[in-house]
Amino acid sequence: MDIKTTYQDKTAHMKIEGIINSENAYVFQDELQKVLKSDARVLEIDLSECRNISSTGIGRLLLFYKEFMTRSGEIEIVKCSPTIYELFTMIKLNQLFAVNL
Amino acid sequence: MSESSLSILLVDDEELILVSLKRLLELSGYDVDTAYNGRDAINKIHQSKFHVIISDIEMPQMDGLELLTRIRKNIDYSLPVILMTGFLNAEYAIEAIRRGASDFIRKPIDIKQLIKSVNNLLTGSNIKQQIQNMAHQLSSIDVEFHFSPRNFLETDISNTLTVMFQQYLSLNTYFVNEIVLCLEEMLNNAFIHGTLNLQEETRQMDHFNYKTYVQKAISDDDIASKKIILRVKLNRSDRYLQLTVSDQGNGFNYHHWLERTREDLQSNLTYHGRGIGLIKLLVDEIQFQDDGRTIIVRKNLDYAAQNISEL
């Protein structure tokens, strides 16, 4: 898995390639922690090159979501593969934040 | 392997190199076409079938690394691509391998080395093609893997099975992504609960402490003697792929978890049970046996076929 995050104004843009699984979810978590420590109030995640995300990865994202919300933060999945879109819709993560194909 | 009908696309912006390499490769019996940059090469790859691509890295418009990336992503992830460069350094080589280069050759070109590389790749590619042809005739498989906790950590099971499912069983990407995600959840549960019996506070540790804890745990002979068993069963006549994962732990009250996922899988922000919930969403059948030590999931292959026709 490869994660690249860029920051502009108060927006963090994170692009993830590969698979987020139980083995590498900590890398994702570390990157999310950096966003929490920054002054970003919006996190845009590009998952178009992310093949899938395990429950551990989803768990990390949800933990981040809870904390980011307390700081009035906003998450948006700006792009994702059909597999991820279906998965996020099925577990209704699209009710927590915007999920775009 | 007969070389008479094997075609190579040679990509370089230096005409002198193109002409001389083309002649030498043709003398070795290959059909050779040429392109001056990556963009030109992509057009030719779309128009004709090539068995090997040999490309320079440094070129205007679209360089060799970008060409390689586009071939792997959009055209064919198994098409052999040899990259050539006059500036061979570790950084380049790592980047080329990361993007899927089949071989890496230094300029000025040693033609014997180049032909040897082409022959090796074509032999490997031919064997792979034969395996794929066989796989299309495959009616069923039933294989079982036994992992000890120590080799479980050393084996990249998900990626290995992804290759097996996609390349050798010709299952489509959507189907494989979903089934491998289930497999990840099943194996992870078998390892952290069924084998290591990890408690919540351990799972919440930071990565370094967690890894240290796990390494210490599997050095214990009692834990190391436990097995995680994975069984993969494919049946094309009855149209299903079935995965079974068993551990030798204490089992768990799966009725409780299944009930919970029925009640409120959606918007479930709690830490427990999300994995089982995901599995349940992604497969057609889920079954537990042996007090929760064994989980069996089954997914209909027609979903795979349907997606192939949609793509």
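In the predicted model, B:Asp142 has a relative accessibility of 43% and therefore counts as partly exposed, the bounds of that class being 20% and 50%. The carboxylate of B:Asp142 is engaged by B:Arg231 in a salt bridge between the two side chains, with an N to O distance of 2.8 Å. This pair links distant parts of the chain, since B:Arg231 belongs to strand β7 (residues 228-235) of chain B and B:Asp142 to strand β6 (residues 140-147) of chain B, and the two residues stand 89 apart. B:Arg231 is likewise assigned to the partly exposed class because its relative accessible area is 30%.

A further salt bridge of chain B is formed by B:Arg150 and B:Asp221, whose closest N and O atoms are 3.8 Å apart. B:Arg150 is located in helix α6 of chain B and B:Asp221 in helix α11 (residues 221-224) of chain B, so that the pair ties together parts 71 residues apart in sequence. The two partners fall into separate accessibility classes: B:Arg150, with a relative accessible area of 38%, is partly exposed, whereas B:Asp221, at 59% relative accessibility, counts as exposed.

Salt bridges that share partners also join B:Asp12, B:Asp56 and B:Lys107 into one network. Within this network, B:Lys107 and B:Asp56 form a salt bridge in which the closest N and O atoms lie 3.2 Å apart. B:Lys107 is found in the loop between β5 (103-106) and α5 (111-137) of chain B, and B:Asp56 in strand β3 (residues 52-56) of chain B; the pair therefore ties together parts that are 51 residues apart in sequence. Both side chains of the pair belong to buried residues: the relative accessibility of B:Lys107 is 14%, and the relative accessible area of B:Asp56 is 2%. Over all chains, the structure holds 16 salt bridges.

Charged side chains of chain B also meet at B:Glu178, which is located in helix α8 (residues 173-195) of chain B. B:Glu178 counts as buried because its relative accessibility is 5%, under the 20% cut-off. The side chain of B:Glu178 is joined to that of B:Lys299 by a polar contact of 2.9 Å.

Chain B as a whole comprises 14 helices and ten strands. Of its 311 residues, 44% are buried. Among contacts in chain B between residues at least 6 apart in sequence, 64% join residues at least 24 apart.

The segment around helix α7 of chain B was examined in more detail. Ahead of this helix, B:Thr155 lies in the loop between α6 (149-154) and α7 of chain B. B:Thr155 has a relative accessibility of 34% and so counts as partly exposed. Its side chain reaches back to the backbone oxygen of B:Asn151, at 2.6 Å. Helix α7 of chain B spans residues 157-168, twelve in number, and extends 15 Å from its first C-alpha to its last, close to the 16 Å expected at 1.5 Å a residue. The buried residues of α7(B) are B:Ile157, B:Ser158, B:Leu161, B:Thr162, B:Met164, B:Phe165 and B:Gln167. In an α-helix, residues three or four places apart point the same way, because there are 3.6 residues a turn. Just after α7(B), a positive phi of about 55° is found at B:Ser170.

The contact between the two chains involves 27 residues from chain A and 26 residues from chain B. The area buried between chain A and chain B is about 2300 Å², and carbon and sulfur atoms give 56% of this area. One salt bridge is found across the interface of chain A and chain B. In a salt bridge with an N to O distance of 3.4 Å, the side chain of A:Glu23 meets that of B:Lys211. Six residue pairs are counted in polar contact between chain A and chain B, with both residues at pLDDT 80 or more. On the side of chain A that touches chain B, the elements giving two or more residues are β3 (42-53), α2 (55-70) and α3 (82-90) of chain A. Helix α2(A) gives the most to this side, with seven residues. By residue class, the side of chain A that touches chain B divides into ten nonpolar, nine polar and eight charged residues.

Key
Residues numbered from 1 in each chain as written. Chains lettered and ligands numbered in written order. Predicted model: local features only at pLDDT ≥ 70, side-chain atom pairs only at ≥ 80, totals over all residues. Heavy atoms only, no water. Helix = DSSP H or I, 4+ residues; strand = E, 2+ residues; numbered from the N terminus. Expected span 1.5 Å × (residues − 1). Buried < 20%, exposed > 50% of the residue type's maximum accessible area, 1.4 Å probe, protein only. Contact = heavy atoms within 4.5 Å. Buried area = accessible area lost by both parts, 1.4 Å probe. Salt bridge = Lys/Arg side-chain N within 4 Å of Asp/Glu carboxyl O. Polar contact = N/O pair within 3.5 Å; in protein donor to acceptor, adjacent residues only side chain to side chain. Nonpolar A, V, L, I, M, F, W, Y, C, P; charged D, E, K, R; others polar.
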